[in-house]
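Here is a set of questions and answers on how labels are given to parts of a protein structure. Each answer sets a value against a cut-off and then concludes.

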Amino acid sequence: MCFKLMCITRTTIHKFQDMLSLASVRELPSIDVCDDLWTIFICPTLPYTPLHLLSRTHQRRHRSYRTVRGELSGRTRQDHGLNPVTKSSALQMGGIRCRNRSVVHCGLIVTIFLIQIVGKTSPKAQYPVPGGQIPAYDGQYPNPGVDTAQGGYPGERSDGSRRQEGPVSRISGQDLRSLLQRVDVMLSNQCTKNVAAQWQFETDVNPGTQQAALLAQLEYADYQRAVWGVLNKVSRDQQQDGPIWRQVQFLSVIGPAALPPELLDRYNKLISDMLSVYNGATTCAYNEPFKCGLRIEPELSVVMGRSRDWDELQYSWIEWRRLTGQKMRDLFEQVVELSNQAAQLNHFKNAAEYWLFPYESPTFRYELEGVWDEVRPLYEQLHAYVRRKLRDLYGPDKLSRKAPLPAHILGDMWGQSWSNILDVTIPYPGKNFLDVTTEMVEQGYTPLAMFRLAEEFYLSLNMSLLPPEFWSGSVIEELPDRVVICQPSAWDFCNRRDYRIKMCTQVTMKDFVTVHHEMAHLQYFLEYRQQPKVFRDGANPGFHEAVGEAVALSIATPRHLQDLGLVQGSVDDVPHNINSLFSLALDKLPFLPFSLVMDEWRWDIFEGTITSDEYNCHWWRLREKFSGIKPPVLRSEIDFDPGSKYHIAANIPYIR
């Protein structure tokens, strides 16, 4: 009996032969390079059995595809019910044929290791994209969550054993440890290549780097899928060692990389298209039709933060959403379908359950809302106070005494932080709140000086010196000769030595705090760098941000700024203290309900409680429920206002 597996190129076979050093692999005969992909048939009935490399053109003729998981259990998966556009696009990537049929001899061990190796896609195919859509799952999340129905992990029965689909690979404890060590080296190397390609794309956005980034992600996904195919068959009764079993659990959840190659390509292209819309959007200035090319950073952010012209703010708010969200609504709907399919292949009910599993609590969503209910009274007081101040500024004809706040007058494009309206809402005018931006400029601060001071701060806490690769490789200022995605981010290149930050730093107090926040991520990277690849991440997705925020609160204290010579003397009285705390509240409190809405909205969509004809309405329903915010003008389902936020376009969870 033969099992049909997946597609593989000669190069991939040789890679695995070399990396895994399989003693039982015999010499591979010459194989002509295939036009696209190889289909493999493995007959595990003999010590050494032939693999017949056959054509897959029939799959396109029958307009269907198969997954390894389904084929090993003798089942065929038909198309996942995509709409005609998605189905057609996915199937067009499958026109595959080979020039030659050859026979490769290999042993049973090769059969185990090559389960689900995916061959490289045709070099003829064009993949415009990404900037970050798959790190499907590279071990960055912790324990594969809890099954809400059974109280166990995804893929586990209530008794702790894994659900099995097809033959179970019996691997001894010692063999599994050896395998995981090899997997660690292999995935670390592939992760380094992938992260390097994504870095190149985000620091030099152009079609060439986009395509290279996508191809690197696809290759990384191939390796993830190969490991997944083996470890997904290991049950708990085969392996009792706690750390070893936890590694198996982590590596058995790979997110979107579990999709068949055709749909993974489609998934990446959809996210790439949304990111292209977001990153390429530019508007013209209000009442200046010939002053165009304004991007979200820095021009539109400056307008939303500094202007107090109601009409200018409303114009900028509407234009940004017209040029971003409206254009990606249909793309997002298709991403939802593919995200749910990927989650199901990872043994989750839907993508909402997959996003929540790293927190290891079956009631996590309810816990979040419970915590928010505790904070809500303070937020409501802040909301009422700010509404009164803005009503005084814009007049009662613009703001009702009891209505939600219009989203466009809160100091940024999304109303997620109200820090920029501090000047018109400050409780004690004239009692200077703590903002050392002017002093930093006068003292000649530069982005490099800000990063050096941040490193000194961490060294004073007995933390690690940054490696030379950080200083030689990081991008800490916007590059004038290329397009850079300026979202501040910290990068781990998976090789235990190369760590970088990407940030278009401005000499401001806000960016000074952000520099320390991002460097906290690097210090966390350095602390766990000796762990296996699968454990090199935060205890859960919220830990990294929590560490960064804790440090940021320490940086902004009067005492620390006085030690740096940025504050010549601080006044400890009620007006100054109230102003300082109020400034902090404007930044932190509104962000909590905004973050909650960002993911509550997507969870509802993934779970199917909200359909595509309610996307925008449900968004504003949640914004009003949690934040007390409304759109400045009437909106409809033609609009797609959530798409004006980067994390929606990139399909990245936000609550962390």
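Q: What makes a residue buried, partly exposed or exposed?
A: A residue is buried under 20% relative accessible area, exposed over 50%, and partly exposed in between. The model here is a predicted one.

Q: Why is R246 called partly exposed?
A: The relative accessible area of R246 is 28%. Partly exposed covers the range between under 20% and over 50%, so R246, at 28%, is partly exposed.

Q: What makes the pair of E360 and R246 a salt bridge?
A: A salt bridge needs a side-chain nitrogen of Lys or Arg within 4 Å of a carboxyl oxygen of Asp or Glu. The N to O distance between the side chains of E360 and R246 is 3.3 Å, so the pair meets the cut-off of 4 Å. E360 lies in the loop between helix 13 and helix 14, and R246 in helix 8 (residues 242–251), so the pair ties together parts that are 114 residues apart in sequence.

Q: Is E360 buried, partly exposed or exposed, and how do you know that?
A: E360 has 33% relative accessibility. Buried would need under 20% and exposed over 50%, so E360 is partly exposed.

Q: How do you know that R225 and D222 form a salt bridge?
A: Their side chains meet at 3.5 Å, N to O. The limit is 4 Å, so the pair counts as a salt bridge. Both residues lie in helix 7 (residues 207–231), three residues apart, about one turn of the helix.

Q: Why are R225 and D222 called buried?
A: R225 has 2% relative accessibility, and D222 has a relative accessible area of 12%. Buried means under 20%, so R225 counts as buried, and so does D222.

Q: What makes R308 and D423 a salt bridge, and which parts of the chain does the pair link?
A: The closest N and O atoms of R308 and D423 are 2.8 Å apart, and the cut-off is 4 Å. The pair links distant parts of the chain, 115 residues apart: R308 is in the loop between helix 10 (296–306) and helix 11 (310–323), and D423 is in helix 15. R308 counts as partly exposed, because its relative accessibility is 24%.

Q: Which residues are joined into one network by salt bridges that share partners?
A: The network consists of R365, E600, D604 and E607. A search of the whole structure finds 20 salt bridges.

Q: How do you know that Y359 and R656 gather at one spot?
A: UniProt lists Y359 and R656 for "binding site", in an unreviewed entry. They span 298 residues in sequence, yet no two of their C-alpha atoms are more than 9.9 Å apart, so they gather at one spot.

Q: Why is Y359 called buried and R656 partly exposed?
A: Y359 has 15% relative accessibility, so it counts as buried. R656 has a relative accessible area of 31%, so it is partly exposed. Y359 lies in the loop between helix 13 (351–356) and helix 14 (364–394), while R656 is found in the segment after helix 25 (646–649).

Q: Where do H517, H521 and E545 stand in space, given that they are spread over 29 residues of sequence?
A: UniProt, in an unreviewed entry, places the feature "binding site" at H517, H521 and E545. They cluster in space, the largest C-alpha distance being 8.1 Å.

Q: Why is H521 called buried and E545 partly exposed?
A: H521, in helix 19 (residues 509–527), has 6% relative accessibility and so counts as buried. E545, in helix 20 (residues 541–555), has a relative accessible area of 32% and so is partly exposed. Leaving aside neighbours within four places in sequence, E545 is in contact with H517, H521 and R656.

Q: What makes D613 exposed?
A: Exposed means over 50%, and D613 has a relative accessible area of 53%, so D613 is exposed. D613 is placed in the loop between helix 23 (591–607) and helix 24 (615–627).

Q: How do you know that D613 and T611 make a polar contact?
A: Their side chains are joined at 2.3 Å, and a polar contact needs N or O atoms within 3.5 Å.

Key. Residues are numbered from 1 along each chain as its sequence is written. This is a predicted model: local features need pLDDT of at least 70, side-chain atom pairs count only at pLDDT 80 or more; totals for chains, interfaces and linings use all residues. Side-chain values use heavy atoms; hydrogens and water are left out. UniProt positions are given in the numbering used here, feature names are shortened, and annotations may be inferred rather than shown by experiment. Helices (H or I, at least four residues) and strands (E, at least two) are DSSP runs, numbered from the N terminus. Buried means under 20% relative accessible area, exposed over 50%, partly exposed in between (1.4 Å probe, protein chains only). A polar contact is a pair of N or O atoms within 3.5 Å; within protein, one must be able to donate a hydrogen and the other to accept it, and residues adjacent in sequence count only if both atoms are side-chain atoms. Contact means heavy atoms within 4.5 Å.
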